[in-house]
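Trainee: I am new to this structure, and I would like to learn how to read its features one at a time. Could you take me through them slowly?

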Amino acid sequence: MAFRNGFTAMIGVLWLTAPWWASFTDTSGAVLAGVLFGLLQAVSSLLAHGRTGWSSWPNWISLLCGVWFILYPFLYHFDWMLTLLYVVLGYLTVLLNYTNMNTDPPQAK
């Protein structure tokens, strides 16, 4: 669980910095959306550390950020390689958070 939250947090940081390494800083809407949702994903993933179940709101926020990043490249018309990267990592974010939410909490001994 900690690995999944850490990995989705790193993906959030990747999205946070994407406008500069992917060179789409000329589109202010794409930059603002990427930075905001990347930061939101990174923070919510860190807050989700140790939380499981369907009532875990940080996992829900991170999962919804993953859905956003699946749609994001189609809204801003990125090239096919960047679109593929966003879709694959967005889908991975959704799957990792779904797994976190579908995992039973650790039992106290």
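What follows is a dialogue about helix packing, loops, burial, distances and a surface patch.

Mentor: Before we begin, please note that this is a predicted model, in which local features need pLDDT of at least 70 and side-chain atom pairs count only at pLDDT 80 or more, while totals for chains, interfaces and linings use all residues. Residues are numbered from 1 along each chain as its sequence is written, and side-chain values use heavy atoms, with hydrogens and water left out.

Trainee: How are two packed helices described?

Mentor: Two packed helices are described by the angle between their axes and the distance between the axes. Helices here are DSSP runs (H or I, at least four residues), numbered from the N terminus, and the axes are lines fitted to C-alpha atoms over the stretch in contact, with angles running from 0 to 180 degrees between N-to-C directions. In this model, the axes of α1 and α2 come within 7 Å and cross at roughly 165°.

Trainee: Which word describes how α1 and α2 run relative to each other?

Mentor: The word depends on the angle: under 35 degrees counts as roughly parallel, over 145 as roughly antiparallel, 65 to 115 as roughly perpendicular, and the rest as oblique. α1 and α2 are therefore roughly antiparallel to each other. There is also a handedness, since a crossing is left-handed if the near helix is turned anticlockwise from the far one by less than a right angle, and right-handed if clockwise; α1 passes α2 in a left-handed crossing.

Trainee: At what angle do the axes of α2 and α3 cross, and at what angle do α3 and α4 pack?

Mentor: The axes of α2 and α3 cross at roughly 150° and come within 8 Å, so these two helices are roughly antiparallel to each other, and their crossing is left-handed. For α3 and α4 the angle is about 160°, with the axes 8 Å apart; this pair is therefore roughly antiparallel, and the crossing of α3 and α4 is left-handed.

Trainee: Which residue in the loop between α1 and α2 has a positive phi?

Mentor: Ser23 has a positive phi of about 60° although it is not a glycine, and it lies in the loop between α1 (2-21) and α2 (28-47). To describe its surroundings we use relative accessible area, where buried means under 20%, exposed over 50%, and partly exposed in between (1.4 Å probe, protein chains only). Ser23 counts as exposed because its relative accessibility is 60%. Another case is His77, in the loop between α3 and α4, which is not a glycine and has a positive phi of about 55°; at 69% relative accessibility, His77 also counts as exposed.

Trainee: Is Ala48 buried or exposed?

Mentor: Ala48, found in the loop between α2 and α3, counts as buried because its relative accessibility is 0%. Thr83, in helix α4, is buried at 11% relative accessibility. The C-alpha atoms of Ala48 and Thr83 are separated by 27 Å, and the two residues are 35 residues apart along the chain.

Trainee: How far apart in space are Ala2 and Ser45?

Mentor: Separation in sequence and separation in space should be read side by side. Ala2 and Ser45 are 43 residues apart in sequence and 9.6 Å apart in space, C-alpha to C-alpha; Ala2 is found in helix α1 and is partly exposed, with a relative accessible area of 44%. For Thr83 and Phe69, which are 14 residues apart along the chain, the C-alpha atoms are separated by 9.5 Å.

Trainee: Which residues make the nonpolar surface patch?

Mentor: Patches are made of residues with over 30% relative accessible area and no salt bridge, with like charges joined within 9 Å and nonpolar side chains (Val, Leu, Ile, Met, Phe, Trp, Tyr) within 5 Å. A salt bridge is a side-chain nitrogen of Lys or Arg within 4 Å of a carboxyl oxygen of Asp or Glu. Here Trp54, Trp60, Leu64, Val67, Leu71, Leu75 and Tyr98 make a nonpolar patch of about 670 Å². Helix α3 (residues 57-75) gives the most to this patch, with five residues, while Tyr98 lies in helix α4 (residues 80-101) and counts as partly exposed because its relative accessibility is 39%.

How values were computed: Areas by Shrake-Rupley, 256 points an atom, 1.4 Å probe, with all protein chains shown as cover.
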